[in-house]
Amino acid sequence: MPPAGWRLRQASPEDVEALLRLRLALFQELEPQKTREGGDALVSVTRRFLQDSLPTGRFVAWLVETDAGEAVACSGLSPFDRPPSPGALEAREGYILNMYTAPAWRGRGLARAMMEALLAHARATGYRKLWLHTSPDGRALYESLGFEPNPIALEWHP
Ligand SMILES: CC(C)(COP(=O)(O)OP(=O)(O)OC[C@H]1O[C@@H](n2cnc3c(N)ncnc32)[C@H](O)[C@@H]1OP(=O)(O)O)[C@@H](O)C(=O)NCCC(=O)NCCS
(Lines give C-alpha, C1' and ligand atoms only; values in the text may rest on other atoms or scores of the structure.)
Protein backbone atom coordinates (compact mmCIF):
# COMPACT_ATOMS: atom_id res chain seq x y z
CA MET A 1 0.00 0.00 0.00
CA PRO A 2 1.64 3.29 -1.06
CA PRO A 3 1.80 6.18 1.41
CA ALA A 4 -1.11 8.64 1.20
CA GLY A 5 0.87 11.87 1.02
CA TRP A 6 1.41 13.60 -2.31
CA ARG A 7 1.83 17.08 -3.71
CA LEU A 8 1.30 18.64 -7.09
CA ARG A 9 3.56 21.19 -8.76
CA GLN A 10 4.40 22.54 -12.17
CA ALA A 11 7.37 20.73 -13.67
CA SER A 12 10.69 22.48 -14.19
CA PRO A 13 13.57 21.69 -16.58
CA GLU A 14 15.10 19.64 -13.73
CA ASP A 15 12.20 17.19 -14.04
CA VAL A 16 13.12 15.84 -17.48
CA GLU A 17 14.04 12.35 -16.27
CA ALA A 18 10.90 11.99 -14.11
CA LEU A 19 8.67 13.13 -16.98
CA LEU A 20 10.51 10.83 -19.37
CA ARG A 21 10.00 7.83 -17.09
CA LEU A 22 6.29 8.55 -16.68
CA ARG A 23 5.78 9.19 -20.41
CA LEU A 24 7.41 5.86 -21.26
CA ALA A 25 5.19 4.13 -18.69
CA LEU A 26 2.16 5.74 -20.35
CA PHE A 27 3.30 4.49 -23.77
CA GLN A 28 4.01 1.02 -22.41
CA GLU A 29 0.50 0.82 -21.04
CA LEU A 30 -1.38 2.20 -24.06
CA GLU A 31 0.84 1.11 -26.97
CA PRO A 32 3.17 -1.67 -25.77
CA GLN A 33 4.10 -3.01 -29.21
CA LYS A 34 4.95 0.42 -30.71
CA THR A 35 6.83 1.34 -27.54
CA ARG A 36 9.01 -1.76 -27.80
CA GLU A 37 9.65 -1.00 -31.45
CA GLY A 38 10.54 2.61 -30.56
CA GLY A 39 13.43 1.34 -28.44
CA ASP A 40 16.32 3.65 -27.57
CA ALA A 41 15.36 6.15 -30.30
CA LEU A 42 12.01 6.82 -28.64
CA VAL A 43 13.75 7.40 -25.31
CA SER A 44 16.39 9.75 -26.71
CA VAL A 45 14.05 11.87 -28.85
CA THR A 46 11.60 12.19 -25.98
CA ARG A 47 14.40 13.26 -23.62
CA ARG A 48 15.63 15.79 -26.17
CA PHE A 49 12.11 17.16 -26.68
CA LEU A 50 11.66 17.66 -22.94
CA GLN A 51 15.12 19.22 -22.54
CA ASP A 52 14.37 21.67 -25.34
CA SER A 53 10.74 22.50 -24.66
CA LEU A 54 10.41 22.75 -20.86
CA PRO A 55 12.76 25.76 -20.48
CA THR A 56 11.02 27.71 -23.27
CA GLY A 57 7.42 26.86 -22.33
CA ARG A 58 6.82 25.10 -25.64
CA PHE A 59 5.68 22.25 -23.40
CA VAL A 60 4.20 22.86 -19.93
CA ALA A 61 3.83 19.97 -17.49
CA TRP A 62 2.66 19.16 -13.99
CA LEU A 63 3.94 16.43 -11.70
CA VAL A 64 2.64 14.71 -8.60
CA GLU A 65 5.30 13.60 -6.14
CA THR A 66 4.88 11.37 -3.12
CA ASP A 67 6.15 12.33 0.31
CA ALA A 68 9.15 10.15 -0.51
CA GLY A 69 9.92 12.34 -3.56
CA GLU A 70 8.87 9.84 -6.22
CA ALA A 71 7.07 11.27 -9.26
CA VAL A 72 3.93 9.17 -9.77
CA ALA A 73 1.71 11.21 -12.09
CA CYS A 74 2.05 13.80 -14.82
CA SER A 75 0.07 15.91 -17.22
CA GLY A 76 1.09 18.16 -20.09
CA LEU A 77 0.03 21.04 -22.27
CA SER A 78 1.36 21.99 -25.70
CA PRO A 79 0.52 25.65 -26.42
CA PHE A 80 -0.41 26.69 -29.94
CA ASP A 81 -0.61 30.32 -31.10
CA ARG A 82 -3.16 30.78 -33.87
CA PRO A 83 -3.20 33.84 -36.09
CA PRO A 84 -5.59 36.46 -34.64
CA SER A 85 -9.15 36.48 -35.96
CA PRO A 86 -12.28 38.63 -35.40
CA GLY A 87 -13.30 38.27 -31.77
CA ALA A 88 -10.04 36.51 -30.93
CA LEU A 89 -7.22 39.04 -31.12
CA GLU A 90 -5.13 36.84 -28.87
CA ALA A 91 -5.75 33.32 -29.98
CA ARG A 92 -3.69 30.99 -27.83
CA GLU A 93 -4.96 27.43 -27.72
CA GLY A 94 -3.52 24.31 -26.15
CA TYR A 95 -3.46 20.57 -26.61
CA ILE A 96 -3.59 18.47 -23.44
CA LEU A 97 -1.60 15.25 -23.43
CA ASN A 98 0.60 13.02 -21.31
CA MET A 99 -2.00 12.44 -18.59
CA TYR A 100 -0.73 9.53 -16.57
CA THR A 101 -1.06 8.22 -13.01
CA ALA A 102 1.00 5.19 -11.93
CA PRO A 103 -1.36 2.25 -11.32
CA ALA A 104 -0.76 2.07 -7.54
CA TRP A 105 -1.84 5.71 -7.23
CA ARG A 106 -5.01 5.67 -9.31
CA GLY A 107 -8.41 6.56 -7.96
CA ARG A 108 -7.05 9.06 -5.41
CA GLY A 109 -7.81 12.27 -7.30
CA LEU A 110 -4.32 12.88 -8.73
CA ALA A 111 -5.45 13.27 -12.35
CA ARG A 112 -8.33 15.53 -11.32
CA ALA A 113 -5.95 17.72 -9.29
CA MET A 114 -3.54 17.95 -12.25
CA MET A 115 -6.37 18.87 -14.64
CA GLU A 116 -7.62 21.54 -12.24
CA ALA A 117 -4.12 23.04 -12.04
CA LEU A 118 -3.80 22.93 -15.81
CA LEU A 119 -7.19 24.62 -16.32
CA ALA A 120 -6.35 27.30 -13.75
CA HIS A 121 -3.09 27.96 -15.62
CA ALA A 122 -4.97 28.18 -18.93
CA ARG A 123 -7.50 30.63 -17.50
CA ALA A 124 -4.79 32.78 -15.90
CA THR A 125 -2.66 32.94 -19.04
CA GLY A 126 -5.38 33.68 -21.58
CA TYR A 127 -6.02 30.45 -23.43
CA ARG A 128 -9.16 30.51 -25.58
CA LYS A 129 -9.47 26.79 -26.15
CA LEU A 130 -8.05 23.50 -24.96
CA TRP A 131 -8.51 20.19 -26.70
CA LEU A 132 -7.43 16.60 -26.24
CA HIS A 133 -7.89 13.04 -27.35
CA THR A 134 -9.12 10.78 -24.60
CA SER A 135 -8.49 7.17 -23.66
CA PRO A 136 -11.42 5.21 -22.20
CA ASP A 137 -9.94 5.69 -18.70
CA GLY A 138 -9.80 9.48 -19.03
CA ARG A 139 -13.18 10.23 -20.61
CA ALA A 140 -15.25 10.56 -17.42
CA LEU A 141 -12.72 12.96 -15.90
CA TYR A 142 -12.59 15.24 -18.95
CA GLU A 143 -16.36 15.24 -19.43
CA SER A 144 -16.88 16.11 -15.78
CA LEU A 145 -14.65 19.17 -16.31
CA GLY A 146 -16.71 20.39 -19.27
CA PHE A 147 -14.90 18.88 -22.28
CA GLU A 148 -17.30 17.95 -25.09
CA PRO A 149 -16.98 16.08 -28.41
CA ASN A 150 -16.39 18.36 -31.39
CA PRO A 151 -18.43 17.12 -34.37
CA ILE A 152 -16.78 19.50 -36.87
CA ALA A 153 -13.16 18.52 -36.14
CA LEU A 154 -11.45 16.63 -38.97
CA GLU A 155 -8.03 14.99 -38.91
CA TRP A 156 -5.53 14.00 -41.59
CA HIS A 157 -2.78 11.47 -41.10
CA PRO A 158 -0.14 11.14 -43.84
C1 LIG B 1 -6.82 8.27 -16.78
C2 LIG B 1 -5.92 8.38 -15.54
C3 LIG B 1 -4.87 9.45 -15.82
C4 LIG B 1 -6.77 8.75 -14.32
O5 LIG B 1 -5.87 8.96 -13.23
P6 LIG B 1 -6.36 8.96 -11.69
O7 LIG B 1 -5.32 9.70 -10.92
O8 LIG B 1 -6.67 7.59 -11.27
O9 LIG B 1 -7.71 9.78 -11.79
P10 LIG B 1 -8.53 10.42 -10.56
O11 LIG B 1 -8.37 9.57 -9.35
O12 LIG B 1 -8.18 11.86 -10.44
O13 LIG B 1 -10.00 10.28 -11.09
C14 LIG B 1 -10.62 11.32 -11.79
C15 LIG B 1 -12.00 10.92 -12.16
O16 LIG B 1 -11.96 10.00 -13.25
C17 LIG B 1 -12.67 8.82 -12.91
N18 LIG B 1 -11.90 7.69 -13.42
C19 LIG B 1 -10.62 7.44 -13.17
N20 LIG B 1 -10.26 6.29 -13.82
C21 LIG B 1 -11.37 5.85 -14.45
C22 LIG B 1 -11.66 4.73 -15.26
N23 LIG B 1 -10.72 3.81 -15.55
N24 LIG B 1 -12.90 4.59 -15.76
C25 LIG B 1 -13.85 5.50 -15.49
N26 LIG B 1 -13.65 6.58 -14.70
C27 LIG B 1 -12.42 6.75 -14.20
C28 LIG B 1 -12.71 8.76 -11.41
O29 LIG B 1 -13.85 8.07 -10.98
C30 LIG B 1 -12.72 10.21 -11.01
O31 LIG B 1 -14.03 10.71 -10.94
P32 LIG B 1 -14.50 11.50 -9.60
O33 LIG B 1 -13.46 12.59 -9.37
O34 LIG B 1 -15.83 12.02 -9.98
O35 LIG B 1 -14.49 10.48 -8.53
C36 LIG B 1 -5.23 7.03 -15.23
O37 LIG B 1 -6.21 6.00 -15.17
C38 LIG B 1 -4.19 6.61 -16.25
O39 LIG B 1 -3.03 7.03 -16.18
N40 LIG B 1 -4.58 5.73 -17.19
C41 LIG B 1 -3.64 5.24 -18.22
C42 LIG B 1 -3.20 6.33 -19.18
C43 LIG B 1 -4.37 7.08 -19.77
O44 LIG B 1 -5.36 6.52 -20.22
N45 LIG B 1 -4.21 8.41 -19.78
C46 LIG B 1 -5.21 9.32 -20.27
C47 LIG B 1 -4.91 9.63 -21.69
S48 LIG B 1 -6.17 10.70 -22.36
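Visitor: How do helix H1 and helix H2 pack, at what angle and how far apart are their axes?
Guide: In this predicted model, helix H1, residues 16-30, packs with helix H2, residues 32-56, at an angle of about 150 degrees, and their axes are 10 Å apart.

Visitor: Is that roughly parallel or roughly antiparallel?
Guide: H1 is roughly antiparallel to H2, because angles over 145 degrees count as roughly antiparallel and the angle here is about 150 degrees. The crossing in which H1 passes H2 is right-handed.

Visitor: Which residues make the contact?
Guide: On the H1 side the contact is made by Val16, Leu19, Leu20, Arg23, Leu24, Phe27 and Gln28, while H2 brings Pro32, Thr35, Val43, Thr46, Arg47, Leu50, Gln51 and Leu54. Sorted by kind, the residues of this contact of H1 with H2 are 9 nonpolar, 4 polar and 2 charged.

Visitor: Okay, on to the sheet. How many strands does it have, and in what order?
Guide: It is an open sheet of 5 strands with the order S1-S2-S3-S4-S5, and the pairing is mixed. Strand S1, residues 6-10, and S5 are the edge strands, each of them pairing on one side only. From one strand to the next, the twist averages 20 degrees.

Visitor: What holds strands together, in general?
Guide: Strands of a sheet pair through backbone hydrogen bonds, and they can do this in a parallel or an antiparallel way.

Visitor: So which sense do S2 and S3 use, parallel or antiparallel?
Guide: Strand S2, residues 60-66, and strand S3, residues 71-81, pair in the antiparallel sense over 6 bridges, and one residue you can look up is Leu63, whose bridge partner in S3 is Cys74. S2 and S3 form a hairpin with 4 residues between them, and in the turn Gly69 has a positive phi of about 90 degrees.

Visitor: And what about S3 with S4?
Guide: S3 and strand S4, residues 92-101, also pair in the antiparallel sense, over 8 bridges, and Ser78 has Tyr95 of S4 as its bridge partner.

Visitor: Where does the parallel pairing come in?
Guide: That is found between S4 and S5, which pair in the parallel sense over 4 bridges, with Ile96 standing opposite Leu132 in S5.

Visitor: Which helix lies across the strands?
Guide: Helix H3, residues 110-124, lies across S1, S2, S3, S4 and S5, and its direction is at about 25 degrees to S3.

Visitor: Back to S4 for a second. What is the phi of Asn98?
Guide: Asn98, which lies in strand S4, has a phi near 65 degrees, a positive value in a residue other than glycine. Asn98 counts as partly exposed because 17 other C-beta atoms lie within 10 Å, and that class covers the range between the exposed limit of 12 or fewer and the buried limit of 20 or more.

Visitor: Changing topic to tryptophans: is Trp131 buried or exposed?
Guide: Trp131 is found in strand S5, residues 129-132, and it is exposed, with 12 other C-beta atoms within 10 Å. The C-alpha atoms of Trp131 and Glu148 are separated by 9.2 Å, and these residues are 17 residues apart along the chain.

Visitor: Where is Trp156, then?
Guide: Trp156 sits in the segment after helix H4, which is 139-144.

Visitor: Why does Trp156 count as exposed?
Guide: Trp156 counts as exposed because it has 4 C-beta neighbours inside 10 Å. Between the C-alpha atoms of Trp156 and Arg106, 50 residues apart along the chain, the separation is 33 Å.

How values were computed
Residues are numbered from 1 along each chain as its sequence is written. This is a predicted model: local features need pLDDT of at least 70, side-chain atom pairs count only at pLDDT 80 or more; totals for chains, interfaces and linings use all residues. Helices (H or I, at least four residues) and strands (E, at least two) are DSSP runs, numbered from the N terminus. Two strands pair if DSSP finds at least two bridges between them. Axes are lines fitted to C-alpha atoms, for helices over the stretch in contact, and angles run from 0 to 180 degrees between N-to-C directions. Angles under 35 degrees count as roughly parallel, over 145 as roughly antiparallel, 65 to 115 as roughly perpendicular and the rest as oblique. A crossing is left-handed if the near helix is turned anticlockwise from the far one by less than a right angle, and right-handed if clockwise. Two residues are in contact if their C-beta atoms, placed from the backbone, lie within 7 Å. Ala, Val, Leu, Ile, Met, Phe, Trp, Tyr, Cys and Pro count as nonpolar, Asp, Glu, Lys and Arg as charged, and the others, Gly among them, as polar.
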